[in-house]
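Q: Could you pick one part of this model and walk me through it closely, from who sits where to what touches what? Once that's clear, I'd like to see how the rest of the chain looks beside it.

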Amino acid sequence: MKITRFTCCLLVAALPVTAQEAPLSAIDWLAVQRDVTPVVTLAPERLENPVAKSATVPDVEVQSLDAPSIGGVGLLPGSVTGLPASLWQGSSETRLVTLIERLRTRQPSVPALDSLYHTLLLAEAAPPLITSGETLLHARIKALYDHGLVAPAEALAERVGELTPELFDLAFDLALLTGTDGALCTMLDEKPTLSRDLATRIWCATRGGDFPLAMTIYQSGHALEHLSKLDSELLLRFLDPQYAEESKSLRPPVRPTPLQFRLFEAIGEALPTAPLPLPFAVVELTGDSGWRAQLQAAERLARAGSIDGNQLLGVYSDQKRAASGGIWDRVEALQRFETALDGGDAGAVSVALEKVWPQMRSAGLLVPFSNLFAARLQGLALSNRAARIAGYAGLLSDAFEDAATGLAGSDDANLAFLASIALGQSPKSVPPEMPHADALAEGWSGPLITPEDVAGMASQNRLGEALLIAIGRFESGADGNDGALSESIHILRAFGLEETARRAALQLAILDLESARR
């Protein structure tokens with residue numbers, strides 16, 4: 001399969017259990033390649049005379065010396081993430097899949113844990129013992145897909161090499177959204193057993209220019225009722241343009257498959273992606289469907305951590321707003337704020353910041369906004385309100401420790417409390433209006449206590465399982481379970497993820513505080 005190029009900027013932290021944690025950014029999986037050294041697999045010694053029965057050259061199995069098994073493939077090696085190769089080895093595959101599935105269906109409440117979750121899914125590590133790890137790999141790819149990380153998910157599938165039918169179907173869905181399905185169609189043509197889905201076979205036959213074969217497969221599938229009603233109608237319109245022209249428009253499905261999405265597009269009834277699941281938003285990043293659709297898609301993907309702030313800013317800055325209200329007011333507010341920053345006038349920056357901050361808050365984009373602009377706000381003589389906003393932005397940014405240094409003695413009780421958390425210190429007092437204040441303070445007060453059920457997991461080669469549990473408990477804490485929130489913080493800290501714990505705590509407190517101010 002041809003490797004698809006992409007740049008996936010995940011603002012994640014390196015995750016050594018014993019080494020110092022360091023931030024990781026701008027991960028380009030194209031740089032994560034291994035040198036391939038061929039290994040010839042020899043047959044066992046035979047007792048009979050070595051007499052050849054033909055002159056045919058036998059197949060020789062070649063693989064990399066350090067190539068992971070099918071379930072151990074990843075885009076990020078341990079040298080990048082700091083994660084051990086034994087990340088999953090001691091865990092039950094069923095248990096891991098269950099934990100991944102729970103988080104797959106719900107976006108983590110804070111970007112810091114989004115990044116940690118995505119790092120775990122992309123990590124190169126050996127699968128659980130006594131399994132191929134294919135079920136785990138399938139769950140990892142599906143979770144990346146559902147979180148809008150379509151290109152990384154596709155690249156992960158490409159690392160497998162020879163796909164199984166189950167992985168082929170998943171890889172084909174990904175390729176349809178990125179427009180790289182041609183390579184998989186060629187693979188299917190060479191090995192038809194890879195997919196039993198007739199709609200896929202028909203689509204690929206047309207990609208290869210064999211329309212008679214496509215119609216034959218369609219007619220057989222339709223007659224035997226092996227095609228769904230929607231697939232049958234879409235494929236007929238796709239194969240018979242005259243019939244399509246004479247027919248009324250189809251009612252769009254609520255959750256189309258990627259192939260159905262492409263078929264609607266092919267018959268001239270392209271579906272808007274805004275109401276569709278997150279993975280479909282990646283299609284709009286090209287801007288082919290207009291700037292508004294591109295803006296909506298970029299915001300959705302940025303909220304999910306699927307694109308970085310610079311890519312979002314690039315879309316925001318592409319044009320001047322075309323209307324008023326909603327997303328257009330947000331575009332104008334951001335553009336005016338950036339203009340004010342470039343001008344360097346503290347008064348103008350204060351006014352623009354006070355207007356753009358609630359716009360970013362309503363869109364759920366305060367963290368990307370803060371990462372883009374917080375550093376440029378430091379040192380400006382802002383108004384009181386703007387200075388408070390700049391303080392929150394600094395604590396939400398990657399440079400939260402630097403921002404906290406200047407806020408530790410703040411007269412604002414909320415900022416002083418958060419500055420203590422940012423510096424890994426026990427807060428001196430707990431502000432009454434601060435969300436989750438008691439649970440967060442407990443995370444850095446007194447001795448570090450690791451919950452008994454996870455304390456020994458790292459030594460049992462179950463670190464990945466422990467971190468998935470920590471993310472899950474943080475989500476329970478975000479919903480109001482203070483005990484689970486404190487436990488999650490302790491787990492992260494105990495396994496060397498101090499920076500991730502602080503970042504997640506700050507984001508939860510500030511985002512919930514801001515949400516209450518809407």
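A: A quick definition before anything else: a residue is called buried when its relative accessible area is under 20%, and exposed when it is over 50%. Keep in mind too that this is a predicted model.

Let's zoom in on helix 20 and start with Asn414. Asn414 belongs to helix 20, which covers residues 413-422. Its relative accessibility is 5%, and with the cut-off for buried at under 20%, Asn414 therefore counts as buried. Who keeps it company? Setting aside residues up to four places away in sequence, Asn414 touches Tyr392, Pro431, Glu433, Met434, Leu513 and Arg517.

Asn414 has plenty of buried neighbours in its own helix. Of the 10 residues in helix 20, 9 are buried, so the rest of the structure largely encloses this helix. The buried set runs Asn414, Leu415, Ala416, Phe417, Leu418, Ala419, Ser420, Ile421 and Ala422. As for what does the enclosing, those buried residues pack against helix 18, helix 19 (400-405), helix 21 (437-443) and helix 25.

Two of those partners, helix 18 and helix 25, also meet each other. Helix 18 spans residues 384-396 and helix 25 spans residues 498-516; their axes are 9 Å apart, at an angle of about 145°. The crossing is left-handed. On the helix 18 side, Tyr392, Leu395 and Leu396 make the contact, while helix 25 brings in Leu506, Gln507, Ile510, Leu511, Leu513 and Glu514. Sorted by class, that contact holds 7 nonpolar residues, 1 polar and 1 charged. Here's a nice link back to where we began: Tyr392 and Leu513, both in this helix 18 and helix 25 contact, are among the residues that Asn414 touches.

Stay on helix 25 for a moment and look at Ala501, which lies in that helix. With a relative accessibility of 1%, Ala501 is counted as buried. Leaving out neighbours within four places in sequence, its contacts are Trp444, Ile489, Leu492 and Arg493. Ala501 also gives you a distance back to helix 20: Ala422 is 79 residues away from it in sequence, yet the two C-alpha atoms are 9.4 Å apart in space.

Now follow the chain out of helix 20. In the loop between helix 20 and helix 21 you'll find His436. His436 is no glycine, but its phi is positive, at about 60°. As background, most residues other than glycine have a negative phi. His436 is also buried, at 15% relative accessibility. Compare Ile130, another non-glycine residue with a positive phi, near 60°. Ile130 sits in the loop between helix 3 (111-122) and helix 4, but with a relative accessible area of 89% it is exposed.

If you want a second covered helix to set beside helix 20, try helix 12. Helix 12 covers residues 258-266 and is mostly covered, with 7 of its 9 residues buried. Those are Pro258, Leu259, Gln260, Phe261, Arg262, Leu263 and Phe264. They pack against helix 4 (134-146), helix 6 (165-178), helix 8 (198-207) and helix 10 (229-239). Just past helix 12, Gly268 has a positive phi of about 85°.

Further along, the loop between helix 12 and helix 13 holds Ser289. Ser289 has a relative accessible area of 53% and is exposed. Its C-alpha is 9.5 Å from that of Ala270, which is 19 residues away along the chain.

That loop leads to one more helix pair. Helix 13 (residues 291-303) and helix 14 (residues 309-316) have axes that come within 10 Å and cross at roughly 160°. Angles over 145 degrees count as roughly antiparallel, so that is how helix 13 and helix 14 run relative to each other. The contact uses Trp291, Gln294, Leu295, Ala298, Glu299 and Ala302 from helix 13, plus Leu312, Val315 and Tyr316 from helix 14. Its make-up by class is 7 nonpolar, 1 polar and 1 charged.

Zooming all the way out, the protein chain has 25 helices and 2 strands, and 51% of its 518 residues are buried. Among contacts between residues at least 6 apart in sequence, 65% join residues at least 24 apart.

Methods: Residues numbered from 1 in each chain as written. Predicted model: local features only at pLDDT ≥ 70, side-chain atom pairs only at ≥ 80, totals over all residues. Heavy atoms only, no water. Helix = DSSP H or I, 4+ residues; strand = E, 2+ residues; numbered from the N terminus. Buried < 20%, exposed > 50% of the residue type's maximum accessible area, 1.4 Å probe, protein only. Contact = heavy atoms within 4.5 Å. Axes fitted to C-alpha atoms, helices over the stretch in contact; angles between N-to-C directions. Parallel < 35°, antiparallel > 145°, perpendicular 65-115°, else oblique. Nonpolar A, V, L, I, M, F, W, Y, C, P; charged D, E, K, R; others polar. Left-handed = near helix turned anticlockwise from the far one by under 90°.
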